[in-house]
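User: Could you take a close look at one helix pair in this model for me? I'd like to know how the two helices meet and what sits around them.

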Amino acid sequence: MDWIAHQLKLIGRIFVYLLPAVPETLKITIVAFTLALVLGVLIGIARTGSVRTARAAATVYVDVLRGIPLLVQIFFLYFGIGRLLNLSRFPSGVLAIGIGYSAYIGETVRAGIQAVPRGQWEAARSLGLSTPQCLRHVILPQAMRIVIPPVLNDFVACLKDSSLVSIIGLRELTRAGREYYSSTFSDFQTWTVVAILYLAMTLILTRVSGALERRLRQGEG
Amino acid sequence: MVRVEHVTKRFGKVVAVGDVSFIVPRGTTTVLIGPSGSGKSTVLRLVNALERLDAGRIVIDDVPLDPAARNVHFVRAETGMVFQHFHLFPHMTVLANVTLGPRVVRKRPRAPVEEEARALLARVGLADKADRYPRQLSGGEQQRVAIARALAMRPKVMLFDEPTSALDPEMIREVLDAMLDLARGGMTMIVASHEMGFAREVAHEVFFLDRGEVVESGPPADLFDRPRQQRTRDFLSKIL
């Protein structure tokens with residue numbers, strides 16, 4: 001009985017210690033993913049567009065970024081480019097994750113744009129819309145609905161991958177866990193709490209995104 | 001007036017349209033008939049600048065069409081196109097479908113554009129459907145919205161690419177009625193369609209196309225009742 005009470009007290013203490021790191025994890029995820037969305041939409045448009053140089057550049061961008069581990073990209077950005085430009089940890093880490101994820105989102109957006117029937121382009125063009133106007137008013141709004149489920153999936157993955165920036169010393173949830181564990185050596189308990197906190201965040205996210213998806217599906221037919 | 005002069009369009013080695021010429025005087029209706037692959041759709045798409053010409057010239061109200069021009073989308077705004085499969089924008093209400101062109105391309109303010117759009121919807125018998133979404137409408141209603149959408153740009157010429165072929169039989173009439181109303185109202189129209197009744201009623205001239213060329217043309221009464229060419233007779237015997 002004593003042992004269980006002791007464990008629970010310890011876990012409670014770890015919980016109190018780690019909870020303040022959760023907002024940092026969320027902040028990294030949200031900033032990085034917003035960047036990934038903006039870049040990804042541009043990449044997706046370039047990949048499906050008729051400008052050959054833009055299409056080639058976007059293809060190389062996607063191929064290179066998808067072919068290098070995110071962890072290596074983080075090292076490269078922080079120790080390589082970051083040193084050169086004098087970037088601190090947070091911008092380095094967020095940039096690395098944002099750019100890394102933009103390749104995946106770019107591919108998702110490309111697939112979404114290509115899933116909009118060709119007739120939609122023709123109808124919009126025949127009204128006199130220019131290519132950017134077609135994209136803005138007709139193609140992207142439809143493509144976005146198609147890509148929302150896979151993009152939400154990427155968002156959950158991005159939240160989990162935000163733990164990678166602990167390696168360059170950004171004090172988010174995983175880093176805080178390491179700190180606690182290395183000062184107390186309560187390894188099992190610490191990582192249990194870290195795991196539960198990530199799980200709680202991702203579960204909330206997937207529930208919210210599930211509801212969002214259902215609402216969107218109701219809006220069309 | 002639409003002048004199509006020696007127009008040729010190839011897809012790879014296939015000649016979709018080969019040296020086709022015709023004139024559609026202002027306020028008249030021309031009907032194109034012919035088997036699938038005969039080039040009727042391609043002619044319409046060329047007039048709408050959705051495809052580039054390989055040779056020849058298309059002139060709309062004395063302005064030559066140049067699909068290679070940077071501002072080709074402004075040229076397209078002068079011609080209204082109605083597609084076989086409607087292609088309404090599914091994420092927009094009927095009213096938004098009809099007002100998109102005038103608002104985005106012509107940059108006109110919302111209020112007068114919406115008023116005009118409602119009048120156009122009333123003209124095609126859909127005054128009460130302005131706030132619906134396309135999926136809530138029948139095929140015939142969707143096609144009439146597509147007609148209103150094209151009209152909203154105040155086009156110089158209306159192009160119809162088999163507007164009733166994707167419709168259930170009981171909905172064909174309502175779409176043809178909307179087109180008849182337009183033709184009688186003095187709209188210049190080019191229609192790819194096998195609706196003989198429609199052609200007889202409003203077409204000034206009917207063109208029979210086969211394998212990318214004009215086989216025969218004339219007023220509907222002549223072409224349908226006294227075809228001169230064997231190919232025309234063969235085709236008419238199949239669709240009548």
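Analyst: Start with H1(A), residues 2–18, and H8(A), residues 173–184: in this predicted model, their axes come within 10 Å and cross at roughly 135°. Because angles over 145 degrees would count as roughly antiparallel and 65 to 115 as roughly perpendicular, that crossing makes H1(A) oblique to H8(A). As for handedness, the H1(A)/H8(A) crossing is right-handed.

Which residues make the contact? On the H1(A) side they're Ile14(A), Tyr17(A) and Leu18(A), and H8(A) brings Leu173(A), Ala176(A), Gly177(A) and Tyr180(A). Sorted by class, that's 6 nonpolar residues, 1 polar and no charged ones. The polar one is Gly177(A), since Gly is counted as polar while Tyr goes with the nonpolar set. The spacing is worth a glance too. An α-helix has 3.6 residues a turn, so residues three or four places apart point the same way.

Now for the chain around the pair. Chain A has 9 helices and 0 strands, so if you walk along the sequence you just get α-α-α-α-α-α-α-α-α. Its C-alpha trace spans about 75 × 45 × 20 Å along the principal axes, and 35% of its 221 residues count as buried. Of the chain A contacts between residues at least 6 apart in sequence, 75% join residues at least 24 apart.

Chain A also has a partner: 17 of its residues are in contact with 19 residues of chain B. On the chain B side, the elements giving two or more residues are helix H2 (72–76) and helix H3 (94–104). That side divides into 11 nonpolar, 6 polar and 2 charged residues.

H3(B) deserves a second look here. Its buried residues are Val94(B), Asn97(B), Val98(B), Thr99(B), Leu100(B), Gly101(B) and Pro102(B). What covers them includes H7 (131–161) of chain A, along with H4 (110–123) and H5 (139–151) of chain B.

One last stop in chain B is Val2(B), which belongs to strand E1, residues 2–11. Val2(B) counts as buried because it has 23 C-beta neighbours inside 10 Å, and the cut-off is 20 or more. Setting aside neighbours within four places in sequence, Val2(B) is in contact with Val24(B), Val47(B), Ile60(B), Val157(B), Thr188(B) and Ile190(B). If you want a distance to check, the C-alpha atoms of Val2(B) and Ala192(B) are separated by 15 Å, with the two residues 190 apart along the chain.

Notes: Residues are numbered from 1 along each chain as its sequence is written. Chains are lettered from A and ligands numbered from 1 in the order in which they are written. This is a predicted model: local features need pLDDT of at least 70, side-chain atom pairs count only at pLDDT 80 or more; totals for chains, interfaces and linings use all residues. Helices (H or I, at least four residues) and strands (E, at least two) are DSSP runs, numbered from the N terminus. A residue is buried if 20 or more other C-beta atoms lie within 10 Å of its own, exposed if 12 or fewer, and partly exposed in between; C-beta atoms are placed from the backbone. Two residues are in contact if their C-beta atoms, placed from the backbone, lie within 7 Å. Axes are lines fitted to C-alpha atoms, for helices over the stretch in contact, and angles run from 0 to 180 degrees between N-to-C directions. Angles under 35 degrees count as roughly parallel, over 145 as roughly antiparallel, 65 to 115 as roughly perpendicular and the rest as oblique. A crossing is left-handed if the near helix is turned anticlockwise from the far one by less than a right angle, and right-handed if clockwise.
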